Amino acid sequence: MPVLFARLFWRQHWKAAACIMIATMIMDADHFLADPVFDPDRCSVGFHPLHTVWAAVVYLFLLVMPSWKLRAVAVGCLFHLFTDGMDCYLGSLKQGATFAGLS
């Protein structure tokens, strides 16, 4: 998806934009702050610091900045949150669980 987004939004810089969006996966480093680091039943959205509503507000702010590089970071982070949210939703269907902080 990062390559597709890069080709759609930043044709002139698509390779660099794709690399930037792929690099935003570093936001998962905040999982190392949790104990245990990995819990298959835990929803990362709303739990880890870079996966909160406040972080999403920052990512939305970056989306309106004039720099294409900052917008690529924003798109990468927001897409990451979207996919993590979908993972939480699908996991809740499978196990009958609720989203962290939304129950």
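Pro-36 is found in the loop between H2 and H3. The exercises below start from the whole chain and then return to that loop.

This is a predicted model, in which local features need pLDDT of at least 70, side-chain atom pairs count only at pLDDT 80 or more, and totals for chains, interfaces and linings use all residues. Residues are numbered from 1 along each chain as its sequence is written, and side-chain values use heavy atoms, with hydrogens and water left out.

**Exercise 1. Describe the overall build of the protein chain.**

Step 1. Take the secondary structure. The protein chain has 4 helices and 0 strands. Helices (H or I, at least four residues) and strands (E, at least two) are DSSP runs, numbered from the N terminus. The pattern along the sequence is α-α-α-α.

Step 2. Take the dimensions. The C-alpha trace spans about 45 × 25 × 20 Å along its principal axes.

Step 3. Take burial. Of the 103 residues, 31% are buried. Buried means under 20% relative accessible area, exposed over 50%, and partly exposed in between (1.4 Å probe, protein chains only).

Step 4. Take contacts, meaning heavy atoms within 4.5 Å. Among contacts with a separation of 6 or more, 45% join residues 24 or more positions apart.

**Exercise 2. Find the buried and exposed faces of H2 and H3.**

Step 1. List the buried residues of H2 (residues 14-23). They are Ala-17, Ala-18 and Met-21.

Step 2. Look down the axis. These residues fall within an arc of 100°, so they line one face of H2. The arc is that of the directions from the helix axis to the C-beta atoms.

Step 3. Turn to the face away from the buried side. Lys-15 and Cys-19 are exposed there.

Step 4. Repeat for H3 (residues 53-63). Ala-55, Ala-56, Tyr-59 and Leu-62 are buried. Their arc around the axis is only 115°, which puts them on the same side of H3. The other side of H3 has the exposed residues Val-53, Trp-54 and Phe-61.

**Exercise 3. Work out the nonpolar cores and the helices that build the largest one.**

Step 1. Fix the term. A nonpolar core is a set of buried Ala, Val, Leu, Ile, Met, Phe, Trp, Tyr and Cys residues joined through side-chain atoms within 4.5 Å.

Step 2. List the members. The largest core has 9 residues: Phe-5, Ala-6, Trp-10, Ala-17, Ala-18, Met-21, Trp-68, Ala-72 and Val-75.

Step 3. Assign helices. Helix H1 (2-9), H2 and helix H4 (68-95) each supply at least two residues of this core.

Step 4. Look for a second core. Another one, of 6 residues, lies apart from the largest core and includes Ala-55, Tyr-59, Cys-77 and Leu-81.

Step 5. Set this against the general trend. In soluble globular proteins, nonpolar side chains tend to be buried together.

**Exercise 4. Trace the contacts of Ala-6, Phe-5 and Trp-68.** Neighbours up to four places away in sequence are left out for each residue.

Step 1. Start with Ala-6, found in helix H1. Ala-6 counts as buried because its relative accessibility is 0%. Ala-6 is in contact with Arg-11, Trp-14, Ala-17, Ala-18 and Met-21.

Step 2. Move to Phe-5, also in helix H1. Phe-5 counts as buried, at 17% relative accessibility. Phe-5 touches Trp-10, Met-21, Val-75 and Phe-79. The C-alpha atoms of Phe-5 and Val-75 are 8.4 Å apart, although 70 residues separate the two along the chain.

Step 3. Finish with Trp-68. Trp-68 touches Trp-10, His-13, Ala-16, Ala-17 and Ile-20.

**Exercise 5. Return to the loop between H2 and H3 and characterise Pro-36 and Val-45.**

Step 1. Check the peptide bond. From Asp-35 to Pro-36 the bond is cis, with omega near 5°. Most peptide bonds are trans.

Step 2. Place Val-45. This residue is found in the loop between H2 and H3. Val-45 counts as partly exposed, at 26% relative accessibility.

Step 3. Relate Val-45 to Met-86. The two are 41 residues apart in sequence and 9.8 Å apart in space, C-alpha to C-alpha.
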